[in-house]
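Okay, thanks everyone, I'll keep this short. Let's get the structure up on the screen and then walk through it together.

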Amino acid sequence: MTMEIRRYILGRLFQITLIFFVILTVLFLLFRLAPGDPVSRMVDPNMTPEDAQRLIEQLGLDLPMWQQYLIYLENFLKGRFGISFHYGQPVSEIILNRLPNTILLFTSSILLAAFVGVFLGKIVSWKKGERIDTWVTIGALVCHTLFLPWLALIIIWVFAYWIGWFPLTGMISAEIWTDPSAGLLRKGLDIAHHMALPLITLFLIHFGSYLLVMRSSMLDTLREDYILTARAKGLDEATIRNRHAAPNAALPVITSVGLSLAFSINGGALTETVFTWPGLGRELVFAVSNNDYPLAQASFLLIAAVVLTANLVVDLLYAYLDPRIRY
Amino acid sequence: MTLCTKINRALLLIAVSVLWLCPPGWAETRQPLRIGLGEEPRTLNIWMASDANSNNILSQIYQPLYRHAPGETEMVPWLAAGPPEMAADGVTYQVRLRPARWSDGSAFTAADVAFTCRLIKEFKIPRHYSRWKFVDQIEAVDDRTVRFILKEPMAIFLTRSLTIPIVSEKEWREVAASARKQKKPLASLFNHTVKRPLGTGPFVLEKWHKGAYLHMKKNDLFFGQGLRIGGRLLGPFVEEILFKIYGTSDVAMLALKKGAIDMYWQGIQPGYIENLEQHPEIRIFSSERSALYYLGFNLRKPPFDDPALRRAAAMLVDKSFIIKRVLQGYGSRMDSIIPSGNEFWYNPNLTEYGEDLNREQRIRAAYRILKQAGYRWTQPPVDDSGKVQPAEGLRLPGGSLMESVTILTPPADYDPHRAISGLLIQQWLRQAGIPASSRPMAFGALLQQVKARHDFDAFILGYGRLSLDPDYLRIFFHSEFDRERGWNMSGYHNPEFDRIAEASEKTMDLEARRLRIYKMQEIIARDVPYLPIYLPREIEAVRTDRFTGWVQMLEGIGNIWSFCQLSPVN
């Protein structure tokens, strides 16, 4: 590692820490300033004003805002994210329970969409103007602009309800997982079976953007001198496309995939709701709408940390993949 | 064969294998009752549980001493062996218990009952404490007898206090002891994680797979098994229950039609009914609810501090139209705060504002009320010839121009019925010149605005589940509860009402109390701090091809009686 890179990384780490601190503070303020509180939502005539006050005190919301902020900072530095107001469970437990499900579905879908998008983008750019280019590009644009819940419901209706190939929603089948004779393989296949429809939906929504980025990047690359040189050397078309053009054209896609992977940890509230996928995205929406400050704050902080780190990693990866880039 | 072809073939093979290995209905050897839930329960901690789904699950486990039975006006003894015996002093009650066991085999005793009640009092557990704070002493006389001594006679003791779920001392003793040592004991009690609740109910929790399902099994030690309580022979006759979660009602309805669930334990929208009725194996239950959806006014400031204006507004609101068009007929109009299904307490002889009047007649009636009260218009809603016309420039009796008033409603994605009702009411009030506008607001923010800040003109809210005891009348309108976070959200103050409400709370004679409750309903109907609008029906759908025996009562079929009586069709 050169001195320049080391200095660059240290500088970026300092920036990240600073930005993270700002996010930490803004999150605290945003949730406290938003209208409503966790106690006023309880519509039960048995909840007396004294009960409500007692709950507010127990949740620590009766303290002045600056005091709450100091406690929040202290807890954060000690690695304590608190107890969810909504579930009465440690926030870290809830996130750890939901995060793997989100990562499994969304990371797989992004990788699959990126793989297919890059592959098809590479092919259609080589056949620019031909019928395959027209149809695949239109298809990609249509899929990219589809309204996700609508597409999801149509897919569920056709493949799960009408044809019956897949389960309707959820991540696992209660009947199989409560069957004592069901082994690991059967349970694993059950997850794969449940994952198929949300994966297809997310794939259809996302592959178009990767395809379009790759196609456009490939078309730029094809005008480069080294492609002309490769042709002059008498290399065949597949070698020029796969070995010379594609690796250079894939750089913008790498940035896009890197950031998408980072953002994938927040899942997608709509996908997770329609498919009843027990992920973090849906939990995040619940937390915000129920004024569950500890859970919402911790989830957003996790997302912020991953995205900031991913930005740094993508930048470094970029420099590694493209030797022309220097920091 | 190229690499690409090889990959394609491998992927195809994997896909076919998955499909072949996992056909629908893979593990169909058992016959569990499968129930769909709209959301995952929040918790299994009974003291923390305030949401419907947690309470639905826990109601299979933790049991009360007394409960309501279908078709019965009075409470039936459940864990209690008979009605409570009241001593001549009117404040001492003795309750004899049935022989029962906790699901771990240990004996259910009077000590458990005393422990539960003392726990509520000691920790001042929200939502329960208000029902126990007037109880002075709780004693376990022997293993099967509990004695309660009240500070003063209290009518709600049987219906509201003795209906709390009883927990096992064995399960909660250590938790309570540890919570006492904490800086925030109540929070510590709430945050205790319960993995396998110990109960006396018909089912026990086998497993909760977070985010996916809850698995319950029949409790072989259920005290009611084989007994006839409330005129019904109790089971359970179902070996196990699987609760599955569905993120949207659309998918839950598909699951019901496909047979993936036997019942969806959440009220369904009328829009689904027509489609469900095409499936002969699906049966739809439409039940009365104990609920209240209403328009509330802020009586603390003009213009709704004037009862004449509130009565005029009541005249303009066409409840039948809302029920027909917004609720698609699945509801009934409300004229009292107490739902009509609560037959014992409901006063059927109240003022029915605008009943059977058409639009023009309503406007004329409202015009008459306002004119009599001293209101004036630049252009009145009714001209000199008696013809209805657009009204303009409504002036208050003092002469000042009425400023615009806002009706706060929950947003349409939270409750479309209330949001649309707000828009309709806005238009109807404008016909008499009342410059109203409806404003949807996030639910939490709306409650804070109305309940904590008292900063509003009018609002539309509802109580989805009211107790059968009408003590909530006192809580909604007694001046004592007009304070921050109090339930007297309108700021209604009436010494006559307060006096009757206080007396009603302490009246032990049912008939005498009923007269007082009738009077309280009359006063509220006259003064209109709240205008009750509609009572939606509880619509539930079940499959009839696997299980039979659903018991319909107020609030629908999702009740303990159903779960104790359901049995497989074959």
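Before anything else, one definition: when I say contact, I mean heavy atoms within 4.5 Å. And keep in mind that what you're looking at is a predicted model.

So, with that cut-off, chain A. Take the contacts in chain A with a separation of 6 or more: 75% of them are between residues 24 or more positions apart. What is the chain built from? Chain A has 14 helices and zero strands, so if you read along the sequence it's just α after α. Its C-alpha atoms fill a box of roughly 85 × 60 × 40 Å along the principal axes. Of its 327 residues, 50% count as buried.

Let's go over to chain B, where I want to show you a sheet. Four strands make up an open sheet here, in the order β4-β5-β7-β6, with antiparallel pairing. The edges are β4, residues 85–86, and β6, residues 135–142, each pairing on one side only.

Now look at β7, residues 145–150 of chain B, and its pairing with β5, residues 92–96, which is antiparallel over five bridges. Across that pairing, B:Val95 stands opposite B:Val146, and B:Tyr93 stands opposite B:Phe148. On the other pairing, six bridges join β6(B) to β7(B), again antiparallel. Those two strands form a hairpin with two residues between them, and there B:Ile138 is the residue opposite B:Phe148. So how covered is β7(B)? Mostly: five of its six residues are buried. Helix α3 of chain B, residues 110–123, lies across β6 and β7, running at about 165° to β6(B).

Hang on to B:Phe148, please, as we turn to the packing. The largest nonpolar core has 206 residues, and B:Phe148 is among those that touch the most other members, along with B:Trp47, B:Trp172, B:Leu295, B:Phe459, B:Phe476 and B:Trp561. Which helix gives the most to this core? That's α14 of chain A, residues 293–321, with eleven residues. There's another core apart from that one, with 37 residues, including A:Met171, B:Val251, B:Ala260 and B:Ile539.

If you zoom in on B:Trp172, and leave aside its neighbours within four places in sequence, you'll find it in contact with B:Asn45, B:Ile46, B:Trp47, B:Tyr62, B:Phe115, B:Val167, B:Leu189, B:His192 and B:Val194.

Right, rings. How many aromatic pairs are there over all chains? The count comes to 45. One of them is A:Phe85 with A:Tyr293, edge-to-face, 5.8 Å centre to centre and 70° between the planes. A:Phe85 is in the loop between α3 (65–77) and α4 (91–126) of chain A, while A:Tyr293 is in helix α14, so this pair ties together parts 208 residues apart in sequence. Are these two buried or exposed? A:Phe85 counts as buried because its relative accessibility is 19%, and the cut-off for buried is under 20%. A:Tyr293 is buried too, with a relative accessible area of 4%.

Here's a stacked one for comparison: B:Tyr294 and B:Tyr530, 4.1 Å centre to centre, with 20° between the planes. B:Tyr294 belongs to strand β15 (residues 292–297) and B:Tyr530 to strand β20 (residues 530–536) of chain B, so here the parts being tied together are 236 residues apart in sequence. B:Tyr294 is buried, and so is B:Tyr530. Both of them also belong to a cluster linked by ring pairs, along with B:Phe456, B:Phe459, B:Tyr463, B:Tyr472, B:Phe476, B:Phe477, B:Trp487, B:Tyr492 and B:Phe497. You've met B:Phe459 and B:Phe476 already, in the list for the largest core.

If you care about charges over rings, I've got two for you. The charged end of B:Lys210 sits over the ring of B:Trp208, 4.7 Å from its centre. And B:Arg513 lies over the face of B:Trp345, at 5.0 Å from the ring centre.

Last stop, B:Glu355. You'll find B:Glu355 in the loop between β16 (331–333) and α11 (359–372) of chain B. Why does B:Glu355 count as partly exposed? Because its relative accessibility is 28%, and partly exposed is what sits between under 20% and over 50%. From B:Glu355 to B:Asp318 is 37 residues in sequence and 8.2 Å in space, C-alpha to C-alpha.

That's my tour. Over to you.

Note on methods:
Residues numbered from 1 in each chain as written. Chains lettered and ligands numbered in written order. Predicted model: local features only at pLDDT ≥ 70, side-chain atom pairs only at ≥ 80, totals over all residues. Heavy atoms only, no water. Pairing = 2+ DSSP bridges. Axes fitted to C-alpha atoms, helices over the stretch in contact; angles between N-to-C directions. Core = buried A, V, L, I, M, F, W, Y, C linked by side-chain atoms within 4.5 Å. Buried < 20%, exposed > 50% of the residue type's maximum accessible area, 1.4 Å probe, protein only. Phe/Tyr/Trp six-rings, centres within 6.5 Å; stacked < 30°, edge-to-face > 60°. Lys NZ or Arg CZ within 6 Å of the ring centre and 35° of its normal.
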